[in-house]
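Open the model in your viewer and keep the selection tool at hand. We will go from stop to stop.

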Amino acid sequence: MRVRPGTIVKGLCGTALLFLSGCNRHQSALSPFGDDAARIQVMTVVLVAGAVVIGIAVAALMVWAVRLPANRLTLVGGERFILIAGGIVPSAVLLALLIYSLPAMRPRDVSPGDLNVAVTGEQFWWRVRYEPPGATPLTDANEIRIPVGRTVRLRLLGGDVIHSFWIPGLAGKVDMIPGRENTLVVRATRPGVFRGQCTEFCGLSHALMAFDVVAMPPEAFDAWLAGQQAAPARAAAPGQALFAQHGCGGCHTIRGTEHAGTIGPDLTRMGARRSLGAGTLPPSEANIASFIRHPEHHKPGVRMPAFPHMPEREAMAIARYLKALR
Amino acid sequence: MSLHAQDDPALREAQEARLRAAWQRPTGWLTRWTDTNNNRVGVWYVLTAFAFMLFAGVLALIMRTQLAVPDNDLVGASTFNQLFTLHGSAMMFLFAVPMFEAVSIVLLPQLLGARDLPFPRLSAFGYWSFLIGGVFVLGSIFFDAAPDGGWFMYPPLTTRTDLSGLGADIWMLGLSFIEVSSVAAAVELIVGVLKCRPPGMRLNLMPLYAWYILVVAVMILFAFPPLIAGDILFEMERLLGWPFFDAAKGGDPLLWQHLFWIFGHPEVYIIFLPSIALFAMLIPTFSQRHLLGYPYIVLAAVGTAFLSFGLWVHHMFATGLPKISLAFFSAASQAVVIPTGIQIFAFIATLAAGRVIFSTPLLYATGSLAIFVIGGLTGVMVAVVPFDWQAHDTYFVVAHLHYVLIGGTLMPLFAGLYYYWPLVTGKKLSDRLGRTAFWLLMAGANLTFFPMHLSGLMGMPRRVFTYPEELGLAGLNLASTAGAYLFAVGVLVIVIDLALSPTRAKVKRNPWNAGTLEWLALPEDEDWGIRSVPLIETRYPIWDQPNFVRKVDEGRFFLPDAEEGRRETIVTSVLDARPVAVIRLGTPSWLPILAAITVGGVFILTTYHLYWAALGSGILALGVILRWLWTTAEIPEKPCKPIGHGLELPLYVAGPAAPGWWAVFITMLADATAFSGLLFGYYFFWTVHSDFPPPSAGPAPTWPIAALALTAASWGATIIAREVHRRGRVGLTRVLLALGAALSLASIAAGLAGPWQAQLDPATNTYAAIVWTLAIWTVVHSAVAAIAQLYGLARSLAGRTTPSHDADVRNITLYQHFMLFTAVLTWLTLGLFPEVA
Amino acid sequence: MITRLVDRIQTLRATLWTLIAPPLVWAAHFLLSYLWASVLCAKRGAFATEPALFWGCTVLALVVIVGCGVIAHIQSRVPGDNPPHEQGTKVDRLRFLAYSTLLLAGLSFIGVIFTAVPVLFLTDCR
């Protein structure tokens, strides 16, 4: 009988509930939405089951050993016991495990027609660039959208320091190392909104470097990408002038305007994002305004300069402007 | 001496008085710290490491408090990062490794029936270095300047001076200093095990603790130097801007990860094996029988030592290396489970075959085995590459490593504490408090770390100072925090137990009825170590050799006297422990403390960029060390002395029979390993870059080959000097040594001329930086060669080296062999590899 | 002939160096395998182009380890004192070192097999 991974998750979550905790389903290796994570979850079940059996067996042997009267085990018998229980059985089990695990290391094949997404880790946010074959690339930040059921090749690049790219529900993690390019090939199996996070310690706000992952039905994804590639029309807003006046465009890009800075995250779709500051805050206007004036309060060590002297009113105007960008 | 001479109580008392006088400890309030006796230095060492452990534990409690609830703001990100960096670094470098060295310094001479370790002053130097370095590193947190890059300090986060402050330098230089003292301890312990065993203690009779110590000390020789090489590159980048890890200038951050983990994974076994070694001593005692499967334990220790050097990349499974490379290391990571399992089953078999006395130490031992097995099983899981891609750098790994370290190091040390406390103090600890503490520790450890397996897989990365409520990890984290406090209460109970010890009465000698030599120790402290050095015929002499204790106590074995008022111990042969010589041991002295202060000064002053002061401290250190060396290998007042039973042993040995020769050999092995680490860097860059070495960047072959020729000539001169010296031609020897020194100095000039003439600017690109680094490393060794040759010359002129007493010349020759090895590899690589590639 | 050979082997010296010979062979084989794959992947982008080289090394390593094991096995049966062979005699020391070497040869043999298995399953540099 095959155990369905879902049952296992329920079981594990049940255990977790004992600790008065709700199980998150959007950033968990135990709640996969991609092929690789699902495969690893099955492997996890196998490994845990094996570990439990072996652990109980060793514990039972220890109890037996302590209770056994003296001299019932002879020298020869004891050495044979060590050789079999300590040497031969583990060798066989481990060799089997090795043979079981090796094929699972083979990466998924990619074809030239697959979507590439380049992601660069920066302190403490994610630069995202969609590179659909035969179309213009599209730059975004702190959110990754992928089509369900299609193979996607993630090109993981190092920015300033080492980061690690981990979407537990989709696949295992891969480091982003300055000077190197790593590849992670994934395929999502069900739509939904999920979360990923940096897992290599990268400085003060390492804990606050997450991103949203949106797995979309393929048609919806195609429509979204095409819509984004068309140059958006921008209506004038009071915040726009303030954005320019405070020099925000020196670091941030808003497509369709003169702002084309590349030091910080691209803000073209700011209003559509599900979080602010790479998964740090809910994206309310008040939070945006507060982040502009005192980014370091929300993200220690953030590279964005603070604007403490900016009047609250102006910050709110910029926030409203950004919130309207989609 | 007649066979019955020892029957005379008056004679015995006179001998004891002479021994007591020879081993008289310094008692002044200041001079007492100059003591070198292993009993005292070892205990200071243990207490200091224990204090550092408590400090690091408090840091962990603060972290757990911060993580008790989501979005907590008890401590900020900056403080939190310092906390976890210092917690990990201190537990590894200031507790686990030093504690093993400390325990071994206390136990090893007792286990081997030796009066002391072969180099007591080196032990003292190691201790003072450890204290200075430890206080320097840990103290930094009170100035908000502690390292904050995680205990493996990955560049470029830690090498970029705009992203990391003084803390990174404190970590690198402070801990490098401690690594040097660890290597010193390794030298001491290897020579101790190989050369200072009691007569008759052949390899097959060695206590298993000694086997483990030998294996672990050898592992230190090969594991620590790559990290020292990494530290050198790291500080060159931080202080001088030489780009080894900066990808923009041709470096690669992965080089550090390789060098760090070549150290870091064997390190896990370096701290695990000695703790397991304690089991190998106490399990036979509480099973009241010989350990079953002695060769299996030796197999396990040696096998683990080898395999542990094939695991380092399993810390790098997520770095995007080719899967085939990962697979090799995954396979080795699986294979290392086999020897580890074998030793556990050897213990189980011993318990099964024996009559088990379920004492407090045994309770700790079985409890730690249970915890360790869980950690080992999760270790197998993370050795499976695809699973590790999920678990890596999450709380799952935090759980795994703490199960391994608590079950494999901390709890076994507590077992050892309860077992060996009577050996050191003559008093037992409380069974009631001990058992209370045990259950608190067990409950605390499991409550803290078991939930972490889940929180890791449920998306909690390690090293986060907070986590959002929406991840649903609040309950698991609260449980972990509660467990941490429970664990802390357990440790507190142990501390209370220790504090109450002075109020308790002494117990009888050998209270556990153990069979091994160390339990000859008397409840009343005597500094001479052992009354007479026994002849060993079995593995458990107290159990199996008739009248053994009485014969030792009555001085009926070897060396029962100190006729010349000197501290002495017996040197034996490696395989069969045949007596070879009696050596005189170092006495209390200020030199080790001064050496520790001045060497420490080099590291600490460099941290603050006080380069001239650091140079001054280095010159002072050189002076102190030369002064210290000057006192060694002294020519005895008579060639031989009787040690009882008609045996007469020389008082002076040179070459491979002498502990000093082995010390040089072992130190140079470590040195050569560090050099291999640097050389690995050169070829590593060759593999990652297609334009390395850059075409026609130089240096041209001429100067490197000239440097090699000069070094080879110096080597030749030294060898000829040794040979003519042996034939009594002292004058010619002196000429040759002076010539050798001149050639060594000339090779420095030639070596530096190569990169200098090629105008390689090390701050601009990695190739120039690594070329200069290799060249400087080698010429510094040539400088040391010149100093050694001149030292030999001075010793000869002072009459301290003669044709019949030529230890110095032999040791200098040995150094020259390693010098030639380094020079060949460096100069051929620098001069010829660019042409080949 | 065989008995002569056995006698000859039993007189060979067993030392700490012979003890570590089998794991040293494992270490050399492991290092070669790793360097072989990683250098070729870095420099050529493919490592399995000359598999014969790898398998030749593997067989050689296994043969040497088995050789060490056989010698050790013969030495561990040198007649002498009574079991359990833990006396302070030269024979028991030899038997102990030889038996430990035999065990290490077993472990090293398994280790080399473990190292070789991945090459059967992974053939490219991704």
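Select residues 20-41 of chain C. In this predicted model, the span is 95% helix and 0% strand. Its end C-alpha atoms lie 31 Å apart.

Now select residues 96-122 of chain C. Here the end C-alpha atoms are 40 Å apart. The span is 96% helix and 0% strand.

What does UniProt call these stretches? An unreviewed UniProt entry lists residues 20-41, 53-76 and 96-122 of chain C under "transmembrane region". Add residues 53-76 of chain C to your selection to see every stretch on that list.

**Chain B against chain C**

Keep chain C on screen and show chain B. How many residues does each chain bring to the contact? Chain B gives 36 residues and chain C gives 37. On chain B, pick out helix H8 (294-307), H9, H10 and helix H20 (659-688). These are the elements that give two or more residues to the side touching chain C. Colour that side of chain B by class: 23 residues are nonpolar, 8 polar and 5 charged.

**Chain B against chain A**

Hide chain C and show chain A. Here 74 residues of chain B are in contact with 73 residues of chain A. Several helices of chain B supply at least two residues each to this side, among them helix H3 (77-111), helix H7 (253-287), helix H9 (323-335) and helix H10 (337-353). Further along chain B, select helix H11 (360-383), helix H12 (385-391), helix H14 (431-457) and helix H15 (474-500), which are also on that list. Which helix gives the most? H10(B) does, with 12 residues. By class, the side of chain B that touches chain A has 50 nonpolar, 18 polar and 6 charged residues.

**Inside chain B**

Now show chain B alone. Colour it by its domain assignment: domain 1 (5-24 + 523-650), domain 2 (42-503) and domain 3 (659-836). Note that domain 1 of chain B is written as two segments.

Focus on domains 2 and 3 of chain B. Their C-alpha centres lie 36 Å apart. Domain 2 of chain B puts 29 residues into the contact, and domain 3 of chain B puts in 24. On the domain 2 side, select helix H5 (166-195), helix H6 (208-240) and H7 of chain B, which each supply at least two residues. H6(B) gives the most to this side, with 10 residues. What is this side of domain 2 of chain B made of, by class? It has 21 nonpolar, 5 polar and 3 charged residues.

How values were computed:
Residues numbered from 1 in each chain as written. Chains lettered and ligands numbered in written order. Predicted model: local features only at pLDDT ≥ 70, side-chain atom pairs only at ≥ 80, totals over all residues. Contact = placed C-beta atoms within 7 Å. Helix = DSSP H or I, 4+ residues; strand = E, 2+ residues; numbered from the N terminus. Nonpolar A, V, L, I, M, F, W, Y, C, P; charged D, E, K, R; others polar. UniProt positions renumbered as here; feature names shortened; annotations may be inferred. Domains from an automatic or database assignment.
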